[in-house]
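Welcome! Let us walk through this structure together, one region at a time, with the sequence and the 3D view at hand.

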Amino acid sequence: MKPSISSRALRIFGGWSANIFQLLVSLTQQIVLIPLFLRYWGSDTLSAWLTLFAAGSLVFAADAGLHAWTLNQFLSFRAQQDTDLKAGRYYRAALPIFVWFAAFLTVLLLIGILSFPPSKVLGFGSEPHFDLEFAVMTVGMVVTLPVNLAAALYRASGRYQRIVNVQTFGMLIAQIGQIVGVVTTGNLLVVVVAYVVGQIATTLYILTIDVRRHFPFLKNSGGSESSLRWVVKQFAGALPFGVMNFTEIGLSYVSILLIGAFVSDRTAIAQWGLTRTIAALLRGLSFQMSLPLAAELGYDHSVGSRDSLNRLYARGSAVLMAFAAATTAGALAFWQDFFTIWTHGAVPHNGTLTATLLLGSCVGLPALLALNYANYSNRGNLLLKTKSLQLAIFATLSFLLIPPFGPLGAAIALVASDIVAQAGILFSLVAKEVLKRPLAHASFLIVGMIVILVLGWALGGVIRHLVPGMGMVHFLVECATWLIAMGMVASPLLNRAFREKLVAFIPH
């Protein structure tokens with residue numbers, strides 16, 4: 001049965017509201033807590049924390065694509081009879097795979113840490129207990145991997161908002177623990193433990209309580225049998241999504257590890273980690289914004305609703321473009337002021353690095369909807385080819401550019417690989433398949449992005465010139481003035497007739 005417009009809108013806006021909550025908590029983790037950490041740590045310890053956080057985030061992304069594969073399996077059941085029964089049986093059969101895979105990764109990690117101490121490989125020999133901290137962070141995040149199966153069930157069943165809210169509450173609890181830990185002890189290991197414990201506790205709650213409360217058929221789905229051949233089939237089907245997942249989420253964190261290995265300047269590592277935060281934040285925002293849309297697109301694909309798929313993709317892509325361009329413009333205008341306040345001047349700002357990351361990332365952000373649609377429509381072969389190419393480009397450019405250019409080389413590698421493989425190839429192939437006028441739509445996105453980006457950046461420059469000053473209050477005044485100005489520019493969208501004409505103008 002095709003979902004009604006009202007129920008679809010409620011799901012999309014519900015997902016976006018959950019993402020706003022998640023955004024606020026992510027901002028706290030990656031931005032707000034940094035000045036607090038700097039009160040108790042030096043730049044070397046902060047660099048160690050950023051490296052550990054990157055390693056933990058990278059490990060969490062290394063689920064071999066099982067999350068995306070199981071998501072597509074759950075989506076396929078929605079177009080069949082006995083949906084709940086089939087979903088319940090599949091869940092019960094797949095859960096042991098996640099558990100045993102997490103155990104296997106744990107063993108591999110421990111062997112790797114003992115054989116190649118991270119403190120020596122990453123250049124943190126002066127940081128006490130770094131090897132132990134690395135083990136706690138990475139193994140702790142591996143333990144949480146089975147929650148990806150439950151998350152896939154929530155997302156495929158239209159309960160995207162619920163799973164995001166629960167996981168975000170877990171992150172919030174972990175942040176409270178980090179604050180208590182750093183204030184009372186100033187010890188990096190305590191902060192790492194607080195972060196990991198919050199994630200593990202959330203995983204246990206979801207797997208043992210929440211998922212059974214929202215999906216009661218899991219209790220009555222009967223037994224499940226899984227042969228070795230069936231298990232191998234799951235991993236084979238998940239492989240393309242694993243490459244996609246690692247490339248999409250892992251590359252920015254891998255870049256921190258590569259800089260740590262190739263660059264001896266601890267300040268440069270901190271500079272990259274902090275500057276990368278704003279680009280990763282904007283990308284994460286756009287990625288999360290595209291997920292509720294992709295879930296609906298995946299449903300349209302599974303039931304063969306081509307017209308609905310065409311319209312929603314075109315409009316969603318335009319909304320994502322406008323959001324990406326506006327947020328990038330604001331970041332380009334005011335990031336330097338915030339960076340100085342954020343770091344208390346302890347880490348120098350690099351304008352070239354910031355502009356390269358932000359502008360390059362902005363070009364590729366509208367393609368995230370194509371990526372997530374491919375993810376939700378079981379396009380494993382397409383994802384494998386394009387993401388393998390992106391990974392190869394990034395690896396080649398990183399080894400060539402990071403040693404001579406440091407963080408700027410990493411930025412060029414990230415941006416170039418993303419533009420060529422994702423914004424170029426993946427977006428073009430998906431748009432050609434989904435849209436009736438793909439070239440016209442791409443031209444619309446390019447022109448719209450340039451207009452919004454230039455306008456927003458110019459307004460920010462004018463405001464910085466007219467409102468000179470320093471400090472947090474001045475920064476907030478700048479941002480508020482810019483938001484008001486951009487709101488006035490966008491005010492015609494409040495007119496329903498104008499909005500409908502604009503929507504109708506979007507090529508699809």
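Two residues are in contact here when they have heavy atoms within 4.5 Å of each other. Please also keep in mind that what you see is a predicted model.

**A leucine in helix H12**

With that definition in hand, let us visit Leu320, which sits in helix H12. Setting aside neighbours within four places in sequence, Leu320 is in contact with Ser286, Met289, Ser290, Leu365, Pro366, Leu368 and Leu369. Is Leu320 buried or exposed? Its relative accessible area is 1%, so Leu320 is buried, the cut-off for buried being under 20%. Leu285 and Leu320 are 35 residues apart in sequence, and their C-alpha atoms are 9.9 Å apart in space.

Helix H12 also holds Asp337. Asp337 counts as buried because its relative accessibility is 18%. Leaving out neighbours within four places in sequence, the contacts of Asp337 are Arg464, His474, Phe475 and Glu478.

**The nonpolar core**

In soluble globular proteins, nonpolar side chains tend to be buried together. In this model, the largest nonpolar core has 156 residues. Phe37, Trp49, Phe74, Tyr91, Trp272 and Tyr313 are the residues with the most contacts inside this core. Which helix gives the most to this core? The answer is helix H12 (residues 306-343), with 18 residues.

Tyr91 is a good place to look around. Beyond its neighbours within four places in sequence, Tyr91 is in contact with Phe74, Leu149, Ala150, Leu153, Leu207, Val211 and Leu218. Phe74, then, is both a contact of Tyr91 and one of the residues with the most contacts inside the largest nonpolar core.

Aromatic rings deserve a look as well. The count of aromatic pairs comes to 21. One aromatic cluster is formed by Phe37, Trp41, Trp49, Phe53 and Tyr195.

Tyr195, from that cluster, leads us on to Ala174. Not counting residues up to four places away in sequence, Ala174 touches Ala194, Tyr195, Gly198 and Gln199. Ala174 is located in helix H8 (residues 160-184), and it counts as buried because its relative accessibility is 1%. Between the C-alpha atoms of Ala174 and Leu149, which are 25 residues apart along the chain, the separation is 22 Å.

**Empty space inside**

Rolling a probe the size of a water molecule over the atoms shows where empty space is left. How many cavities of 30 Å³ or more does a search of the whole structure find? The search finds one. The largest cavity has a volume of about 80 Å³. Its lining is made up of Gln29, Gln30, Ile34, Trp49, Leu50, Phe53, Ile256, Gly273, Arg276 and Thr277. Helix H1 (5-40), H2 and helix H11 (266-303) each supply at least two residues of that lining. By class, the lining of the largest cavity divides into five nonpolar, four polar and one charged. Trp49 and Phe53 appear in this lining and also belong to the aromatic cluster described above.

Next comes the second largest pocket, which holds about 360 Å³ of space. Helices H2 (43-60), H4 (83-115), H5 (118-121), H6 (130-143) and H10 (228-262) are the elements that give two or more residues to its lining. Among these, H4 gives the most, with five residues. In total, 18 residues line the second largest pocket, and Leu58, Val59, Leu109, Phe134 and Leu257 lie nearest its centre. What classes of residue make up this lining? There are 16 nonpolar, two polar and no charged residues.

**Two loop residues with positive phi**

Finally, here are two residues that are not glycines and yet have a positive phi.

| Residue | Phi | Place | Relative accessibility |
|---|---|---|---|
| Ala64 | about 60° | loop between H2 and helix H3 (66-77) | 26% |
| His129 | about 65° | loop between H5 and H6 | 52% |

Ala64 is partly exposed, because its relative accessible area is 26%. His129 counts as exposed, because its relative accessibility is 52%; exposed begins over 50%.

Notes:
Residues are numbered from 1 along each chain as its sequence is written. This is a predicted model: local features need pLDDT of at least 70, side-chain atom pairs count only at pLDDT 80 or more; totals for chains, interfaces and linings use all residues. Side-chain values use heavy atoms; hydrogens and water are left out. On a 1 Å grid over the protein atoms alone, a cavity is a set of points where a 1.4 Å probe fits but cannot get out, and a pocket is an open set with protein on both sides within 12 Å along at least five of seven lines; lining residues have an atom within 4 Å of a point. Grid points are joined across faces, edges and corners, and a volume is the space filled by probe spheres set on the points. Helices (H or I, at least four residues) and strands (E, at least two) are DSSP runs, numbered from the N terminus. Ala, Val, Leu, Ile, Met, Phe, Trp, Tyr, Cys and Pro count as nonpolar, Asp, Glu, Lys and Arg as charged, and the others, Gly among them, as polar. Buried means under 20% relative accessible area, exposed over 50%, partly exposed in between (1.4 Å probe, protein chains only). A nonpolar core is a set of buried Ala, Val, Leu, Ile, Met, Phe, Trp, Tyr and Cys residues joined through side-chain atoms within 4.5 Å. Rings of Phe, Tyr and Trp (its six-membered ring) pair if their centres lie within 6.5 Å; planes under 30 degrees apart count as stacked, over 60 as edge-to-face and the rest as tilted.
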